[in-house]
Amino acid sequence: MTATQNGREMAQIAALAADSKSGEDLVALDVSEPLPLVDIFLLVTGRNERNVAAIADEIEEKLLEAGHKRLRREGRQESRWVLLDFGDLVVHVFHEEERMYYGLERLWKDCPVVPLELPSPAHAAD
């Protein structure tokens, strides 16, 4: 089993929203094989609590605008690890330290990566 087209489209919307708020290290994992109720985990890193909250809020707003229903949200108050459950897509927005500590990429390393199309950086780093 592989991620549905709906899950892939949701991941793309969420990735663009995260990117627009300076989300870093975006990784989408196809978890449909081990988790039949979820297609994709999208992992995003924010630099600090404020950035994590802004990224999570933007992702939620863009997915709601696209007509997707949020089933659950956790962690928004602390903004160290915000989980947004949209059914086919579950988004994890981490503070840098939490992402390293919990290592979801290691836990789900056998799952295929879903390609994301993000805009090229406006300019290269000096």
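Begin by selecting L29, whose bridge partner in strand 2 is F41. The model under view is a predicted one. L29 also has a bridge partner in strand 6, namely V113. Move on to D30, which is bridged to I40 of strand 2.

**The sheet**

Now display strand 1, residues 24-30, together with strand 2; the two pair in the antiparallel sense over five bridges. Strand 1 also runs antiparallel to strand 6, to which two bridges join it. Strands of a sheet pair through backbone hydrogen bonds, either parallel or antiparallel.

Widen the selection to the whole sheet, which is open, is formed by six strands and has the order 3-4-5-2-1-6. The pairing within this sheet is mixed. Its edges are strand 3 and strand 6 (113-114), each of which pairs on one side only.

Within strand 1, select D25. The phi of D25 is positive, near 50°, although the residue is not a glycine. D25 counts as exposed because its relative accessibility is 54%, the cut-off for exposure being over 50%.

**Helix 1 and G7**

Next, show helix 1, which lies across strand 1, strand 2, strand 5 and strand 6. Relative to strand 2, helix 1 runs at about 5°.

Select G7 in this helix. Is G7 buried or exposed? G7 has a relative accessible area of 0% and is therefore buried. Beyond its neighbours within four places in sequence, G7 is in contact with D39, I40 and D88. Add V90 to the selection: the C-alpha atoms of G7 and V90 are 9.4 Å apart, although 83 residues separate the two in sequence.

**Helix 2**

Turn to helix 2, which lies across strand 2, strand 3, strand 4 and strand 5. With respect to strand 5, helix 2 runs at about 165°.

How far apart are the end C-alpha atoms of helix 2? They are 24 Å apart, and this agrees with the span of 24 Å expected for the 17 residues (49-65) at 1.5 Å a residue.

At the start of this helix, select N48 and R50: a side-chain oxygen of N48 comes to within 3.2 Å of the backbone nitrogen of R50. At the other boundary, helix 2 is followed by G67, which has a positive phi, near 95°.

Along helix 2, colour the buried residues: N51, V52, A53, I55, A56, E58, I59, E60 and L63. An α-helix has 3.6 residues a turn, so residues three or four places apart point the same way. The buried residues of helix 2 pack against helix 1 (5-20), and also against strand 2 (40-46), strand 3 (72-74), strand 4 (81-85) and strand 5 (89-95).

**The nonpolar cores**

Select I59, L89, V91 and V93, the residues with the most contacts inside the largest nonpolar core, which has 24 residues. At least two residues of this core are supplied by each of helix 1, strand 1, strand 2, helix 2, strand 4 and strand 5. Helix 1 provides the largest share, six residues. Another core, of ten residues, lies apart from this one and includes L29, V38, L43 and V90. In soluble globular proteins, nonpolar side chains tend to be buried together.

Centre the view on V91. Leaving aside neighbours within four places in sequence, V91 is in contact with A14, L42, I59, V82, L83 and L84.

**T45 and R99**

Return to strand 2 and select T45. With a relative accessible area of 4%, T45 is buried. Which side chain makes a polar contact with the side chain of T45? The partner is R99, at 2.8 Å. Apart from neighbours within four places in sequence, T45 is in contact with S22, G23, E24, D25, I55, F94, H95, E96 and R99. D25, in strand 1, is thus met again in this list.

**The loop between strand 3 and strand 4**

For the last stop, select S79, found in the loop between strand 3 and strand 4. S79 is a residue other than glycine with a positive phi, near 55°. Is S79 buried or exposed? Its relative accessible area is 3%, so S79 is buried. Set beside S79, D25 also has a positive phi, but D25 is exposed.

Terms used:
Residues numbered from 1 in each chain as written. Predicted model: local features only at pLDDT ≥ 70, side-chain atom pairs only at ≥ 80, totals over all residues. Heavy atoms only, no water. Helix = DSSP H or I, 4+ residues; strand = E, 2+ residues; numbered from the N terminus. Expected span 1.5 Å × (residues − 1). Buried < 20%, exposed > 50% of the residue type's maximum accessible area, 1.4 Å probe, protein only. Contact = heavy atoms within 4.5 Å. Polar contact = N/O pair within 3.5 Å; in protein donor to acceptor, adjacent residues only side chain to side chain. Pairing = 2+ DSSP bridges. Axes fitted to C-alpha atoms, helices over the stretch in contact; angles between N-to-C directions. Core = buried A, V, L, I, M, F, W, Y, C linked by side-chain atoms within 4.5 Å.
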